[in-house]
Amino acid sequence: MGKSYQTLGEFIIDNQGDFKYSTGELSRLLSSIRLATKIVNQQVNKNGLVEDILGDMDEENIQGEKQKKLDVFANETFIKALTQREVVCGIASEENEFFIPVESKHNSHLSKYVVLIDPLDGSSNADVNVTVGTIFSIYRRVTPEGTPVTLEDFLQPGNKQVAAGYVVYGLSTMLVYTTGHGVNGFTLDPALGIFYLSHPNMTYPKDGHIYSVNEGNYVHFPQGVKDYIKYCQKSEDDRPYTSRYIGSLVSDFHRNMLKGGIYIYPSGTTSPYGKLRLLYECNPMGFLAEQAGGMATDGYQRILDIDPSDLHQRVPFFCGSENMVKKAHEFMSKYPDDQIDYDELKRIKLSGEK
Ligand code: AHG
Ligand code: MN
Ligand code: MN
């Protein structure tokens with residue numbers, strides 16, 4: 001990973017040809033995300049200096065979770081950047097109950113893309129100066145262009161993603177993304193405000209020695225997960241593995257992709273389906289994981305093939321080095337009753353709406 005002087009802006013334009021019939025719309029959209037991340041980065045960096053950006057809001061978000069001021073700032077920044085520049089026809093955010101349709105004021109032809117976003121991931125880490133992130137996911141709308149977007153445009157399986165990425169606001173700020181042609185990472189030069197290609201063609205090691213799970217919830221975990229954790233801790237062959245858990249998915253994922261490891265957020269804790277959101281967290285991270293040669297599943301099946309039933313749906317998440325995820329599956333498969341039937345969930349959801 002030598003020093004490169006290729007900027008993110010140049011990289012986006014140079015690789016535009018990966019898309020047949022590209023009109024530059026996706027490039028403009030990615031450039032807007034790049035702009036928003038620089039603004040959020042500025043705020044994250046001066047976290048301790050700015051009195052009114054630290055701490056909790058009085059409100060809760062749609063998931064009933066306490067919103068941080070930084071959550072709200074990041075959410076507003078991304079929404080503003082994407083709507084004012086008219087690079088999307090709709091946005092769904094972890095922080096908003098409903099999706100936001102974008103209507104064109106300037107362009108007669110509005111973009112055909114929708115964005116789903118977790119504007120600040122791991123936000124509870126912000127108060128203690130620990131790394132946070134942003135996760136984004138981009139789809140082509142399925143309803144006709146020129147009409148207002150509908151829920152259908154957002155409830156697409158992850159295998160339909162056109163691009164996905166994350167930003168990690170760490171010791172240095174990095175933007176990592178894929179358009180389905182591998183994964184590339186860019187590091188922000190804070191003095192110049194420019195992202196440079198620092199990690200071309202990122203790949204997950206096939207094996208790893210790190211497992212990342214919030215073990216405080218152990219008693220609530222399904223038996224398959226408990227058994228797998230015991231396997232990780234056993235002194236045999238190249239084990240016990242190292243346990244590492246930051247509590248911000250972006251950072252845990254980033255470390256595991258670079259070093260080799262598995263991240264697990266199982267069912268049976270805060271909700272029967274785990275905590276992580278399919279659309280804002282698991283699908284984009286799943287797309288990146290697969291593009292980097294890793295795997296992302298719910299312990300039984302591929303995350304990207306799940307047919308979503310709700311904007312804020314949660315799913316169990318197993319993600320990381322291929323051989324580690326496969327090993328975890330061996331333990332999970334002994335408990336087939338714990339497997340979730342997503343089609344059934346969707347049927348229940350749809351019948352409830354009638
Ligand atoms: P968010 O800050 O967007 O709500 O996400 C937090 C998520 C994820 O980033 C992290 O891995 C997980 O919550 C940590 O949850 P626990 O504190 O339950 O381990
Ligand atoms: Mn999150
Ligand atoms: Mn968040």
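Visitor: Is Glu-281 buried or exposed?
Guide: This is a predicted model, and the accessibility is computed from it. The cut-off for buried is under 20% relative accessible area. Glu-281 has a relative accessible area of 2%, so the residue counts as buried.

Visitor: Which residues coordinate the manganese ion (ligand 2)?
Guide: The donor atoms sit at 1.9 to 2.2 Å from the ion. Along the chain, the donors follow the spacing D-x2-D-x159-E. Two aspartates and a glutamate fit that pattern. They are Asp-118 (OD), Asp-121 (OD) and Glu-281 (OE).

Visitor: How many residues apart in sequence are the parts that Asp-118 and Glu-281 tie together?
Guide: Both residues coordinate the manganese ion (ligand 2). Asp-118 lies in strand E5 (residues 113-121), while Glu-281 lies in helix H7 (residues 278-291). The pair therefore ties together parts of the chain whose separation in sequence is 163 residues.

Visitor: What are the protein donors of the manganese ion (ligand 3)?
Guide: They lie 2.2 to 2.3 Å from the ion. Their spacing in sequence reads E-x23-D-x1-L. Leu-120 gives its O atom, and Leu-120 is buried at 2% relative accessible area. The donors are Glu-94 (OE), Asp-118 (OD) and Leu-120 (O).

Visitor: Which residue bridges the manganese ion (ligand 3) and the manganese ion (ligand 2)?
Guide: The two ions lie 3.7 Å apart. The bridging residue must be a donor to both. With 0% relative accessibility, the residue that does this counts as buried. It is Asp-118.

Visitor: Which residues have the most contacts inside the largest nonpolar core?
Guide: This core has 84 residues. Helix H7 supplies its largest share, 8 residues. The residues with the most contacts inside the core are Leu-29, Ile-138, Tyr-166 and Phe-317.

Visitor: Which residues does Leu-29 touch, leaving out those up to four places away in sequence?
Guide: Contact here means heavy atoms within 4.5 Å. Leu-29 is among the residues with the most contacts inside the largest nonpolar core. Its partners are Leu-82, Val-87, Val-88, Tyr-113, Val-115 and Ile-138.

Visitor: How many residues are in the second, separate core?
Guide: Val-213 and Phe-221 belong to this second core. Ile-262 and Met-332 are also included. The core has 18 residues.

Visitor: Where is Asn-283, and what is its relative accessible area?
Guide: Asn-283 sits in helix H7. Its contacts include Tyr-139, Gln-156, Pro-157, Gly-158 and Gln-161. Leu-278, Ile-303 and Leu-304 are further partners. Asn-283 is buried, with a relative accessible area of 0%.

Visitor: What span is expected for helix H3 (residues 69-84)?
Guide: H3 has 16 residues. Its buried residues include Leu-70, Val-72, Phe-78, Ile-79 and Leu-82, along with the polar Asp-71, Asn-75 and Thr-77. From first C-alpha to last, the helix reaches 22 Å. At 1.5 Å a residue, the expected span is 22 Å.

Visitor: What is the phi of Glu-86, the residue that follows H3?
Guide: Glu-86 comes after helix H3. Its phi is positive. The value is near 55°.

Visitor: Within what arc do the buried residues of helix H9 fall?
Guide: H9 (residues 342-353) has 12 residues and reaches 17 Å, close to the 16 Å expected. Its buried residues are Tyr-342, Leu-345 and Lys-346. Seen down the helix axis, they line one face, because they fall within an arc of 100°.

Visitor: Which backbone nitrogen does a side-chain oxygen of Asp-341 reach at the start of H9?
Guide: The oxygen belongs to the side chain of Asp-341. It comes to within 3.1 Å of its partner. That partner is the backbone nitrogen of Asp-343.

Visitor: Which side chain makes a polar contact with the side chain of Ser-198?
Guide: Ser-198 lies in strand E10 (residues 194-199). At 14% relative accessibility, Ser-198 counts as buried. The polar contact is 2.7 Å long. The partner is His-199.

Visitor: How far apart in space are Ser-333 and His-199, C-alpha to C-alpha?
Guide: Ser-333 lies in the loop between helix H8 (322-332) and H9. At 47% relative accessibility, Ser-333 counts as partly exposed. Ser-333 and His-199 are 134 residues apart in sequence. In space, the separation is 36 Å.

Terms used
Residues numbered from 1 in each chain as written. Chains lettered and ligands numbered in written order. Predicted model: local features only at pLDDT ≥ 70, side-chain atom pairs only at ≥ 80, totals over all residues. Heavy atoms only, no water. Donors = N, O, S within 2.8 Å, 3.2 Å for Na, K, Ca; no water. Helix = DSSP H or I, 4+ residues; strand = E, 2+ residues; numbered from the N terminus. Buried < 20%, exposed > 50% of the residue type's maximum accessible area, 1.4 Å probe, protein only. Core = buried A, V, L, I, M, F, W, Y, C linked by side-chain atoms within 4.5 Å. Expected span 1.5 Å × (residues − 1). Arc of directions from axis to C-beta. Polar contact = N/O pair within 3.5 Å; in protein donor to acceptor, adjacent residues only side chain to side chain.
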